[in-house]
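Student: Could we walk through this structure together, one residue or contact at a time?
Tutor: Gladly; have the model open and ask away.

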Amino acid sequence: MVNVVILAVALACALALAYPRLSQATLWRATVTPLASIIGSGFLVLGPVLHASYGWAAPLAMAALCLCAWLFGAAIRSNIRALEASPERCAAARALETAASWTLAFAYVVSVAYYLNLLGAFGVSLTEVDDRFHARALTSCVFVLILFVGVFYGFGALERLEQASVSVKLAIIAGLLAGLAAHFGAAATAGALVAAPVTLSPWHGLTLAFGLIVTVQGFETSRYLGARYDAPTRIRSMRLAQLLSAGVYLVYIGLLSYSFAPGALGLDETAIIDMIRVVAPVLPAMLVAAALSAQFSAAVADTGGSGGLIEELTGGRVPARAGYALLVAIGLALTWTADVFEIISYASRAFALYYALQSAIAALSTARAAPGRAAGFVALACLGLAMALLGRSAE
């Protein structure tokens, strides 16, 4: 019966997302890019990490991460408005914007490698060749596929691939949440809910949270879609993407945290597959499909964003297609020389620094008109810098 419910919920969600009035709506198309990037790896990685580290307080840690992401998003939305109102900026703001853009370009390169290495790990997880070599080989093939589509067909083709994969991913996540809800309900009825202990000191818990910021990033991609969507649409789509992703994360972590005993979840990148087997037999295969879809769509979103960003930074001298090629070359090098946890730590630090710079730009832009708001952005800049300096790997 649980299998039937899971499949029915997933199918209903897929049909709703395929409805033309939704799938062809401008706001939804603009939302797909940031949403694909935000729900890229978080629901795969965060469950085991938060459960093992924060125990009963895992939902609070998840809420704190979502709140930080929302506040950093507010700084970027403020910058979108300011740039729309007056493209001319002071010298300090221009210098910070250039530094932020180059930082983001590096972060995108690392994050795409992160997404696709997770894709490789999940792609071979249920096969007889479940080892690092074959995972890396699969990752490399997907890198080449994205490069081919991006170079020969451009961002429009990437976005169409991305929208289809996001719909598949969201449908499977809906089924996963239905299965977890059934498991949670059964545990509650049997009096078997668990409040796992917190295993970290307050300081280690804080620095680990700093190192997990990459799992809720992705909303910043709206900043670089100005050629396709106007400022109000990008702002609304960023808010919608963040609200949807926060809802998914909070429900997921809330159901997971109290349904499994301490030590039930490992900390390797595919640990969640072993855990989810006890919920329903159909879920491991669905989760692998969701992982492949999630990592692919997130990689597509960041590849498209990086190409447009490099083109913008170089004044068009380096076209977006050349940016795709550069990203793939560096991504392949990371794939064969680093493990997933190393890549996560690099990406988290880069994104935290980017958010610090964007918050500083927002503070400069609002200093005269809204001093109180500017002070808040200064505090956010300090928080982003602390994350970049102090964040540590989940490993």
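Student: Which helix holds Leu380, and is Leu380 buried or exposed?
Tutor: Keep in mind that this is a predicted model. Leu380 sits in helix α14, which covers residues 371-390. Its relative accessible area is 9%, and the cut-off for buried is under 20%. So Leu380 in α14 counts as buried.

Student: How far apart in space are Leu380 and Tyr355, C-alpha to C-alpha?
Tutor: Along the sequence, 25 residues separate Leu380 and Tyr355. In space, their C-alpha atoms are separated by 8.2 Å.

Student: Which residues join Tyr355 in a cluster of ring pairs?
Tutor: Searching the whole structure turns up seven aromatic pairs. Ring pairs link Tyr355 into a cluster with Phe72, Tyr108, Phe219, Phe351 and Tyr354.

Student: What lies over the face of Trp70?
Tutor: The ring centre of Trp70 has a charged neighbour at 4.4 Å. For a charge to sit over a ring, the distance must be within 6 Å. The residue over the face of Trp70 is Arg77.

Student: How far is Arg77 from Glu220?
Tutor: Glu220 belongs to the loop between α8 (202-210) and α9 (231-257). Glu220 is buried but has no salt bridge, and a salt bridge needs a nitrogen-to-oxygen distance within 4 Å. Arg77 is the nearest side chain of opposite charge, and its distance from Glu220 is 10 Å.

Student: Which side chain makes a polar contact with that of Glu220?
Tutor: Glu220 has no salt bridge, yet its side chain does take part in a polar contact of 2.9 Å. The partner is the side chain of Gln217.

Student: Which residues form the salt bridge, and why does the pair tie together parts of the chain?
Tutor: The structure holds one salt bridge, with a nitrogen-to-oxygen distance of 3.5 Å. One partner is in helix α6 (residues 91-123) and the other in the loop between α8 and α9, so the pair ties together parts 126 residues apart in sequence. Both partners are buried. They are Glu97 and Arg223.

Student: Is Ile213 buried or exposed, and how far is Ile213 from Cys66 in space?
Tutor: Ile213 is another residue in the loop between α8 and α9. With a relative accessible area of 1%, Ile213 is buried. Ile213 and Cys66 are 147 residues apart in sequence, while the C-alpha to C-alpha distance is 9.1 Å.

Student: How many disulfides does the structure hold?
Tutor: A disulfide is a covalent bond between the sulfur atoms of two cysteines. Take Cys382: the closest cysteine sulfur, in Cys68, is 14 Å away, so that pair is too far apart for a bond. Cys141, for its part, is exposed at 53% relative accessible area. The number of disulfides in the structure is zero.

Student: What distance separates the C-alpha atoms of Val194 and Tyr153?
Tutor: Val194 is placed in the loop between α7 (132-189) and α8. Val194 is partly exposed, at 22% relative accessible area. Val194 and Tyr153 are 41 residues apart along the chain, and their C-alpha atoms are separated by 51 Å.

Student: Where does Trp336 lie, and how far is Trp336 from Phe133 in space?
Tutor: Helix α12 (residues 320-337) contains Trp336. At 37% relative accessibility, Trp336 is partly exposed. Although their positions lie 203 residues apart in sequence terms, the C-alpha distance from Trp336 to Phe133 is 8.8 Å.

Key: Residues numbered from 1 in each chain as written. Predicted model: local features only at pLDDT ≥ 70, side-chain atom pairs only at ≥ 80, totals over all residues. Heavy atoms only, no water. Phe/Tyr/Trp six-rings, centres within 6.5 Å; stacked < 30°, edge-to-face > 60°. Lys NZ or Arg CZ within 6 Å of the ring centre and 35° of its normal. Disulfide = S-S within 2.5 Å. Buried < 20%, exposed > 50% of the residue type's maximum accessible area, 1.4 Å probe, protein only. Helix = DSSP H or I, 4+ residues; strand = E, 2+ residues; numbered from the N terminus. Lys, Arg positive; Asp, Glu negative; His and termini not counted. Polar contact = N/O pair within 3.5 Å; in protein donor to acceptor, adjacent residues only side chain to side chain.
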